[in-house]
Amino acid sequence: MDAIDAYKIYIAVKNHFTLDSYDYFKYNKKSTATYDSFLKRKDKVFFAKLGNRKDEYLENFLVANFLHDPKIWVGELLSEESEERYKNWKRKQESLTYVFKNEMEFIDGLNETEFNKLFHVEQGEHPKIIRMYLRKEISLETFTILNSVLNFIGRYDKVILDPVYKEVSKICKKYQPFLKVEKSKIKTIIKDFLIAKKN
């Protein structure tokens, strides 16, 4: 992959995670990045190295790193730390259902009513599921997968207005299209989880 192509993908993925107005998938993975704007950059050499080293998996590599830091500089993406971050992300993607199931087991001792209370919001306060995510008791992946089947973020957006929540909402909605899971499997896991807690 040449430097300009790497630059265009970098800009598109970065814009997806940083701009409310841009959706990577809605715009068919295109951005307004041009050859002229590329030539004006002083860090062009890093895009050449990025394209050469990451090539086939550049998009996923960028997603993994922009999730960590949406403002990460292109030069930092060539570090061992960024590569390790991608490898950890990739391992999780390859076992998303397993990760989700394990983290659902982590929420133990609940019946169906108590489970529903995890998502209940009162007077604009953070519901328990948000607090669990913020305390890192569940991963961003599990949180986002839950939202993909329960659609609670849309409801919360109308009543929770603080900046911490807004960041949670944004990263969840931006990340969700990148997660490849079968919703039917997720619903079955949740159903089995609740049945298990009843017994």
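## Nonpolar core and pockets

In this predicted model, the largest nonpolar core comprises 61 residues, and those with the most contacts inside it are Leu62, Ile129, Phe143 and Tyr156. Helix α1 (residues 3–18) provides the largest share of this core, namely nine residues. In soluble globular proteins, nonpolar side chains tend to be buried together.

Phe143 illustrates the contacts of a core residue. Leaving aside residues up to four places away in sequence, Phe143 touches Ile129, Ile130, Tyr133, Ile138, Phe152, Ile153, Val168 and Cys172. Of these partners, Ile129 is itself among the core residues with the most contacts.

The two pockets are set out below.

| Pocket | Space | Classes of lining residues |
|---|---|---|
| Largest pocket | About 560 Å³ | 10 nonpolar, three polar, five charged |
| Second largest pocket | About 170 Å³ | three nonpolar, one polar, six charged |

The largest pocket has a space of about 560 Å³. It is lined by 18 residues, of which Leu67, His68, Tyr133, Lys136 and Leu140 are the closest to its centre. Tyr133 is also one of the residues that Phe143 touches. Several helices contribute to this lining: α4 (58–68), α5 (80–93), α8 (128–134), α9 (140–150) and α11 (163–175) each supply at least two residues.

The lining of the second largest pocket consists of Asp20, Asp157, Ile160, Leu161, Tyr165, Lys166, Ser169, Lys170, Lys173 and Lys174. Helix α11 gives the most to this lining, with six residues; α11 also supplies at least two residues to the lining of the largest pocket.

Terms used
Residues are numbered from 1 along each chain as its sequence is written. This is a predicted model: local features need pLDDT of at least 70, side-chain atom pairs count only at pLDDT 80 or more; totals for chains, interfaces and linings use all residues. Side-chain values use heavy atoms; hydrogens and water are left out. On a 1 Å grid over the protein atoms alone, a cavity is a set of points where a 1.4 Å probe fits but cannot get out, and a pocket is an open set with protein on both sides within 12 Å along at least five of seven lines; lining residues have an atom within 4 Å of a point. Grid points are joined across faces, edges and corners, and a volume is the space filled by probe spheres set on the points. Helices (H or I, at least four residues) and strands (E, at least two) are DSSP runs, numbered from the N terminus. Ala, Val, Leu, Ile, Met, Phe, Trp, Tyr, Cys and Pro count as nonpolar, Asp, Glu, Lys and Arg as charged, and the others, Gly among them, as polar. A nonpolar core is a set of buried Ala, Val, Leu, Ile, Met, Phe, Trp, Tyr and Cys residues joined through side-chain atoms within 4.5 Å. Buried means under 20% relative accessible area, exposed over 50%, partly exposed in between (1.4 Å probe, protein chains only). Contact means heavy atoms within 4.5 Å.
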